[in-house]
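Biologist: I would like to learn how to read a model like this one, feature by feature. Where should we begin?

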Amino acid sequence: MSKVSPCLWFDGEAEEAAKFYVSLLPDSRIETVQENTADSPAGKAGSVLVVQFTLAGQRFMALNGGTRFEYTRAVSFVIDCADQAEVDRLWDALCAGGGQAERCGWLRDRFGVSWQIVPTALPKYLGGQDRAGAQRAMQAMLGMVKLDISALKKAYEGG
């Protein structure tokens, strides 16, 4: 287990977000839920303060900090997807309920957290031996919102 783990800041939504995230990926679970012991800017006594959870084997902390801060695209979480079905499933789930689709496989979920939903095949097309094919695949990707593996492959192969 890594000594370093991300802490996500929420304003009362930490448990909801953690439950949502762990529902998406295997090897994910809520570890602990810690409540406020007294009224504070983070919430009333008995409300959720911290949720420790594991997402696809990576430890996370969700903190109800008491003030809403916006996340920035400078930090995002990448999910490697084995196939188009996994890309589609995760894309749809993370965009649901107010999430926002962005370019090149990026999105912001309903909590404002940035994600990259990336097929494991992408490096094969962007970094392949055929440099002209890699350039075509890059151009195709730049025109996409959700990544489409078959379109990337077609572009790489020159079709």
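Modeller: With a helix, keeping in mind that this is a predicted model. The general idea is to compare the expected span of a helix with the separation of its ends. Helix α2 (residues 84–95) has twelve residues, which at 1.5 Å a residue should span 16 Å, and its end C-alpha atoms are 16 Å apart, so the two values agree.

Biologist: Which residues of α2 are buried, and what do they pack against?

Modeller: Here one reads accessibility first and contacts second. V87, L90, W91, A93, L94 and C95 are the buried residues of α2. They pack against α1, β5, β6, β7 (106–108) and β8.

Biologist: What caps the N-terminal end of α2, and what comes just after the helix?

Modeller: For a cap, look for a side-chain atom close to a backbone nitrogen of the helix. In this model D83 caps the N-terminal end, with a side-chain oxygen 3.3 Å from the backbone nitrogen of A85. Just after α2, G97 has a positive phi of about 70°.

Biologist: How should I read a positive phi elsewhere?

Modeller: Most residues other than glycine have a negative phi. Exceptions are therefore worth listing, given that general rule. D27 is one of them, with phi near 55°, and lies in the loop between α1 (14–22) and β2 (29–35). A56, also not a glycine, has a positive phi of about 50°. A56 sits in the loop between β3 (48–55) and β4 (58–64).

Biologist: Why does A56 count as partly exposed?

Modeller: The class follows from the relative accessibility: exposed means over 50% and buried under 20%. A56 has 48%, so it counts as partly exposed. K19, in helix α1, also has 48% and therefore falls in the partly exposed class.

Biologist: Is S28 buried or exposed, and what does S28 touch?

Modeller: S28 has a relative accessible area of 18%, so it is buried. Its place is in the loop between α1 and β2. For a polar side chain in such a place, the next step is to look for polar partners. A polar atom of the S28 side chain lies 2.8 Å from the backbone oxygen of L25 and 3.3 Å from that of P26. Leaving out residues up to four places away in sequence, S28 touches V22, T54, L55 and A56.

Biologist: Now the sheets. In what order do the strands run in the sheet that holds β1?

Modeller: To read a sheet, take the strand order, then the edges, then the sense of each pairing. This open sheet has four strands in the order β1-β4-β3-β2, with mixed pairing. The edge strands are β1 and β2, each paired on one side only. Ignoring direction, neighbouring strands are turned by 20° against each other on average. Helix α1 packs on the sheet and touches β1, β2, β3 and β4; its direction makes about 10° with that of β3.

Biologist: Which pairings make the sheet mixed?

Modeller: β1 and β4 pair in the parallel sense over four bridges, whereas β3 and β4 are antiparallel over six bridges. M61 in β4 stands opposite C7 and also opposite Q52. Strand β1 (residues 7–10) has a covered face, made of L8 and F10, and an uncovered face, made of C7 and W9.

Biologist: What is the strand order in the sheet that holds β5?

Modeller: That open sheet has four strands in the order β5-β8-β7-β6, and its pairing is mixed. Its edge strands are β5 (77–81) and β6 (100–101), each with pairing on one side only. β5 pairs with β8 (residues 114–119) in the parallel sense over five bridges. Within that pairing, I79 has I117 in β8 as its bridge partner.

Biologist: How do I read the nonpolar core?

Modeller: In soluble globular proteins, nonpolar side chains tend to be buried together. The largest nonpolar core here has 31 residues, and those with the most contacts inside it are F10, Y21, F53, I79, L94, W115 and I117. The elements giving two or more residues to this core are β1, α1, β3, β4, β5, α2 and β8. Apart from it lies another core, of eleven residues, among them C104, A134, A137 and M141.

Technical notes. Residues numbered from 1 in each chain as written. Predicted model: local features only at pLDDT ≥ 70, side-chain atom pairs only at ≥ 80, totals over all residues. Heavy atoms only, no water. Pairing = 2+ DSSP bridges. Buried < 20%, exposed > 50% of the residue type's maximum accessible area, 1.4 Å probe, protein only. Polar contact = N/O pair within 3.5 Å; in protein donor to acceptor, adjacent residues only side chain to side chain. Contact = heavy atoms within 4.5 Å. Expected span 1.5 Å × (residues − 1). Axes fitted to C-alpha atoms, helices over the stretch in contact; angles between N-to-C directions. Core = buried A, V, L, I, M, F, W, Y, C linked by side-chain atoms within 4.5 Å.
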